[in-house]
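Subject: Structure handover and notes

Dear colleague,

I am handing over the structure we spoke about, and I would be glad if you could read the notes below with it open in front of you.

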Amino acid sequence: MGDLIAKSACDGLLPLEIGGATLTEIVFDAITSVAPWRGHEQAVSDALKSQMGAAFPAPNRSTGKAKSRAVWSGRGQALVLGPPLEPIAGAAMTDQTDAWACVALEGPAARDVLARLVPIDLRDGSFKRGHAARTQLMHMSIVLMRTGADRYGIMALRSMAGTLVHDLETAMEAVAARG
Amino acid sequence: MRITCPICGERDSREFSYRGADVALHRPDPEAGEAAWDDYVHLRDNPAGETRDMWYHEGGCGAWIVVTRNTVTHEVIGSELAAEVAR
Ligand SMILES: [Zn+2]
């Protein structure tokens, strides 16, 4: 059998650098949805800690670091971004590695770009480093996280990768045009 | 309009979709009789004042919530997880 070449979700679309913002794709080795069964929350969090070094995140938060992060993704569930996981007793787990388009928006203009697209309060007092949200970008459901002072991670369904990049590119151009 | 999701916090109303009065949380017993079922299926109040509505946080965490609001003043008074109201 021949060697197949895997294409990433944003292949041919990124990176982009416009004004004070850059947009790059992030490719994780694995993305796993983890949903602890009722009453197993602590044990699952402990298992995650020993497998990938971060606890199960509270609502609206992420834990861990760049190559090994867990982000809250809805009621009673989180997405683990980075290392593949071994099965954890007491949790429903799904491999979603190829289901998401993940991008990083960074630079001094990053927040102004996001503010054009996302209807949540992005000011420092309410959306800090380590915070996360399920929200929308234009009309698209996303997972949003702040991973640095001027850096945000955005995840959208892979089938919407082209729309995600288009909407972000349009907003980056509009912010840059204001000088 | 801003709605507070008990999980996500205060959010823009565009993230929510509206279902209607919270009758779905008060389903009668199967043997409750015709009058109770007629009321549940067909009859709706249209109050000027406080209402309790079901909203779905579709553009957020995916929770169903019960929002108490005033149709006269447009004040949003409070919100609870439907799962806890129904419990
Ligand atoms: Zn919510």
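What follows is a description of the metal site, the pockets, chain B as a whole and a few local features of the backbone and side chains. Please keep in mind throughout that this is a predicted model.

I begin with the zinc ion, whose protein donors are the SG atoms of B:C5, B:C8 and B:C61 together with ND1 of B:H57, at 2.0 to 2.5 Å from the metal. The angles that the four donor atoms subtend around the zinc ion run from 100 to 119°, and the arrangement is therefore tetrahedral. Along the chain, these donors are spaced as C-x2-C-x48-H-x3-C. B:C5 belongs to strand β1 (residues 2-5) of chain B, whereas B:C61 sits in the loop between β4 (50-56) and β5 (64-70) of chain B, so that the pair ties together parts that are 56 residues apart in sequence. Both ends of that link can be classed by accessibility: B:C5 counts as buried because its relative accessibility is 1%, and B:C61 counts as buried at 8%, the limit for this class being under 20%.

Turning to chain B as a whole, its secondary structure comprises two helices and six strands, which appear along the sequence in the pattern β-β-β-α-β-β-β-α. Taken along the principal axes, the C-alpha atoms of chain B fill a box of roughly 40 × 30 × 20 Å, and of the 87 residues in this chain 34% are buried.

The pockets come next. The largest pocket holds about 450 Å³ of space, and it is lined by 18 residues, among which A:P36, A:R38, A:E41, A:R75 and A:G76 are the closest to its centre. Two elements give two or more residues to this lining, namely β5 (68-74) of chain A and α2 (82-86) of chain B. By class, the lining of the largest pocket consists of ten nonpolar, three polar and five charged residues.

For the second largest pocket, the space comes to about 370 Å³, and of the 20 residues that line it, B:A21, B:V23, B:R44, B:D45 and B:P47 lie nearest its centre. The elements that give two or more residues to its lining are β3 (17-21), α1 (34-42) and β4 of chain B, with the largest share, four residues, coming from β4(B). The lining of the second largest pocket divides into eight nonpolar, five polar and seven charged residues.

As for aromatic contacts, a search of the whole structure returns three aromatic pairs over all chains. One of them joins B:W37 and B:Y40 in an edge-to-face arrangement, with 5.4 Å from centre to centre and 85° between the planes. Both residues of this pair, B:W37 and B:Y40, lie in helix α1 of chain B, where they are three residues apart, about one turn of the helix. They fall into separate accessibility classes: B:W37 is partly exposed because its relative accessible area is 23%, whereas B:Y40, with a relative accessible area of 16%, is buried.

In chain A, one contact between parts of the sequence deserves a mention: A:L157 and A:W100 are 57 residues apart in sequence, yet their C-alpha atoms are 4.6 Å apart in space. A:L157 lies in strand β11 (residues 151-157) of chain A and is partly exposed, since its relative accessible area is 45%.

Finally, there are three points on backbone geometry that you may wish to look at in the model. A cis peptide bond, with omega about 10°, joins A:L14 and A:P15, and A:P15 is found in the segment before β1 (16-18) of chain A. A:N60, a residue other than glycine, has a positive phi near 65°; A:N60 is located in the loop between α1 (41-52) and β4 (62-65) of chain A, and it counts as buried at 12% relative accessibility. B:H74 likewise has a positive phi, of about 65°, although it is not a glycine. The position of B:H74 is in the loop between β5 and β6 (76-81) of chain B, and this residue counts as exposed because its relative accessibility is 64%.

With best regards

Methods: Residues numbered from 1 in each chain as written. Chains lettered and ligands numbered in written order. Predicted model: local features only at pLDDT ≥ 70, side-chain atom pairs only at ≥ 80, totals over all residues. Heavy atoms only, no water. Donors = N, O, S within 2.8 Å, 3.2 Å for Na, K, Ca; no water. Tetrahedral: all angles 85-135°; square planar, octahedral: opposite > 155°, others 65-115°. Buried < 20%, exposed > 50% of the residue type's maximum accessible area, 1.4 Å probe, protein only. 1 Å grid on protein atoms, 1.4 Å probe; cavity = no way out; pocket = protein on both sides within 12 Å on 5 of 7 lines; lining within 4 Å. Points joined across faces, edges and corners; volume = space filled by probe spheres on them. Nonpolar A, V, L, I, M, F, W, Y, C, P; charged D, E, K, R; others polar. Phe/Tyr/Trp six-rings, centres within 6.5 Å; stacked < 30°, edge-to-face > 60°.
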